[in-house]
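Here is a short briefing to read alongside the structure. Have the viewer open, and pick out each residue as you come to its bullet point.

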Amino acid sequence: MEYKYAGRARFAAPTLIRMANDYAAGNPDFIFFSVGNPSVETFPAKELRELADEVLAENYKSCLPYGENPGYPPLRALVRERLVKRGILKADDDNDLFITPGSGHGMDLMTMTFCDPGDEIIVEEFTYTGIIGSARCMGASLVGVKMEDDGMDMADLEEKLRTHPRAKFIYLVPTFSNPTGITWSMEKRKALYALSQKYDIMIYEDDPYGELRYSGTPVDTVKSLDTDGRVVYAGSFSKILSAGLRVGYVVCDKSLYTKLSCAAGNVVVASNLAQMVMAKYMERYDLDAHIQKACDYYGKKARAMKEALDRCLPEGWVRTDPEGGLFMWVTAPEEVDAMEMWKELLSMGVGLAPSASFAPDRDNPGHAFRLNYSRPSIEDIEKGCEIFGQVSSKYTK
């Protein structure tokens, strides 16, 4: 039959990252630099299994039915207490916190709440694929801002804010960014917030990687600067306890809570069982100690990738130097055809994510690659970087 698609579905298509995964099917030796998955080696599987058994034995009548919005009260209280401890919230502020099935759901709620067809969202020059899909689904477009080593170019941001009056909010991953791995400086965060006040625009701070720091000095969140309820902050347990349990959270001003939490036509809440397990884990175990082990693990992999890239890449190629998170960004000389190179790497068993995957402007796909170091082994990191270096030398004039 002829399917009568909605207008918003016209851009729906497999991403380049998904295409790389499909290409790898049936190839056990394929090296995955392309995906953004945390390593299952960092998840406390034994403890989570025991806690799940305990929750089911003691509370099956309350953990197996549908959950309620805004989430399991003990977990909400524990998360808020942790955010206060980290300096992200104040104990007596006017923020509400609700639990979501992953932080990405909060992003969808944000676009549903604020974006009409024709509206715009300000993003980094290369941004997370989730916000690209979410915006386009709502009929909104994305406006990319030039990036520097420590965050957005503030002059370009102000120009974009001045010339795009239909922009509804600024979306950013300022700590260990996906895709680039960079961290915004405190100076840039303060300047961003000042501009958001000047142009009266909201900020959506996506922070799923912020606790995965393995070097350098922590930087305060943009949310910690919020004095007038314009920053919506999203976090997640997916990168530190379990991606599969699908538990995240969103923090927003009390006046925004009802609209934002109920924007979806069918209210979706995280699993009651998963929320109860998360709460028990936080009550019984030292979450900070667990996170430190994960940071040590990822730090070794990141150092291995940095050393391998520095050894293998030809002159003119530049990588970022992340202090945490899961990603590294490698920029090629302008003459390099990144898409042709990506296809050749796939044929050689190495999957990367080309910058076109993260480009808000289809006419400006860039000439860079995102590499993930959390999933592959150190041996695969070294092998994959050697192949990447060989192919990059071939494409460099």
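**Glu159 and its helix partner**

Glu159 is partly exposed, because its relative accessible area is 35%, a value that falls between the 20% and 50% cut-offs. Please keep in mind that this is a predicted model. The bullets below start with the surroundings of Glu159, move through other individual residues, and finish with the chain as a whole.

**Helix H6**

- Glu159 belongs to helix H6, which spans residues 154-163.
- Arg162 has its place in helix H6 too.
- The side chains of Glu159 and Arg162 make a polar contact at 2.9 Å.
- Arg162 counts as exposed, because its relative accessible area of 52% is over the 50% cut-off.
- If you would like some distances to check in the viewer, the C-alpha atoms of Glu159 and Val145 are separated by 9.3 Å, with their positions 14 residues apart along the chain.
- For Arg162, the C-alpha atom is 7.7 Å from that of Tyr199, and these two residues are 37 apart along the chain.

**Helix H10: Tyr297**

- Tyr297 sits in helix H10, which covers residues 287-312.
- With a relative accessible area of 28%, Tyr297 is partly exposed.
- The side chain of Tyr297 is joined to the side chain of Lys301 by a polar contact of 3.1 Å.
- Leaving out residues up to four places away in sequence, Tyr297 touches Ser39, Glu41, Thr42 and Ser374.
- One of these, Ser374, is 77 residues from Tyr297 along the chain, and their C-alpha atoms are separated by 8.7 Å.

**Helix H11: Glu344**

- Glu344 is part of helix H11, made up of residues 338-347.
- Which side chain makes a polar contact with the side chain of Glu344? The partner is Lys394, at 2.9 Å.
- Lys394 also appears among the contacts of Glu344 once neighbours within four places in sequence are set aside, along with Val391 and Tyr395.

**A buried loop residue: Ser355**

- Ser355 is in the loop that runs between strand E14 (353-354) and strand E15 (368-372).
- Is Ser355 buried or exposed? Ser355 counts as buried, because its relative accessibility is 1%, and the cut-off for buried is under 20%.
- The side chain of Ser355 reaches the backbone nitrogen of His367 at a distance of 3.4 Å.
- Not counting residues up to four places away in sequence, Ser355 touches Phe126, Trp329, Pro365, Gly366, His367, Ala368 and Phe369.

**Loop residues with positive phi**

- Asp200 has a phi near 50°, which is a positive value in a residue other than glycine.
- You will find Asp200 in the loop between helix H7 (186-198) and strand E8 (202-206).
- Asp200 counts as exposed, at 61% relative accessibility.
- Arg246 has a positive phi, near 55°, and is likewise a residue other than glycine.
- The loop that holds Arg246 lies between strand E9 (231-236) and strand E10 (248-253).
- Arg246 counts as partly exposed, at 38% relative accessibility.

**The chain as a whole**

- The chain has 12 helices and 15 strands in its secondary structure.
- The chain is as compact as a globular protein of its length, because its radius of gyration of 21 Å is close to the 21 Å that the globule rule gives for 397 residues.
- Taken along the principal axes, the box filled by the C-alpha atoms is roughly 60 × 55 × 50 Å.
- What share of the 397 residues counts as buried? The figure is 54%.
- Among contacts in the chain with a separation of 6 or more, 76% come from residues 24 or more positions apart.
- The accessible surface of the chain is about 18000 Å², and carbon and sulfur atoms hold 49% of it.
- The chain carries 46 positive and 58 negative charges, and the mean positions of these two sets are 3 Å apart.

Conventions: Residues numbered from 1 in each chain as written. Predicted model: local features only at pLDDT ≥ 70, side-chain atom pairs only at ≥ 80, totals over all residues. Heavy atoms only, no water. Helix = DSSP H or I, 4+ residues; strand = E, 2+ residues; numbered from the N terminus. Rg over C-alpha atoms; globule rule 2.2 N^0.38 Å. Buried < 20%, exposed > 50% of the residue type's maximum accessible area, 1.4 Å probe, protein only. Contact = heavy atoms within 4.5 Å. Areas by Shrake-Rupley, 256 points an atom, 1.4 Å probe, with all protein chains shown as cover. Lys, Arg positive; Asp, Glu negative; His and termini not counted. Charge placed at Lys NZ, Arg CZ, Asp CG, Glu CD. Polar contact = N/O pair within 3.5 Å; in protein donor to acceptor, adjacent residues only side chain to side chain.
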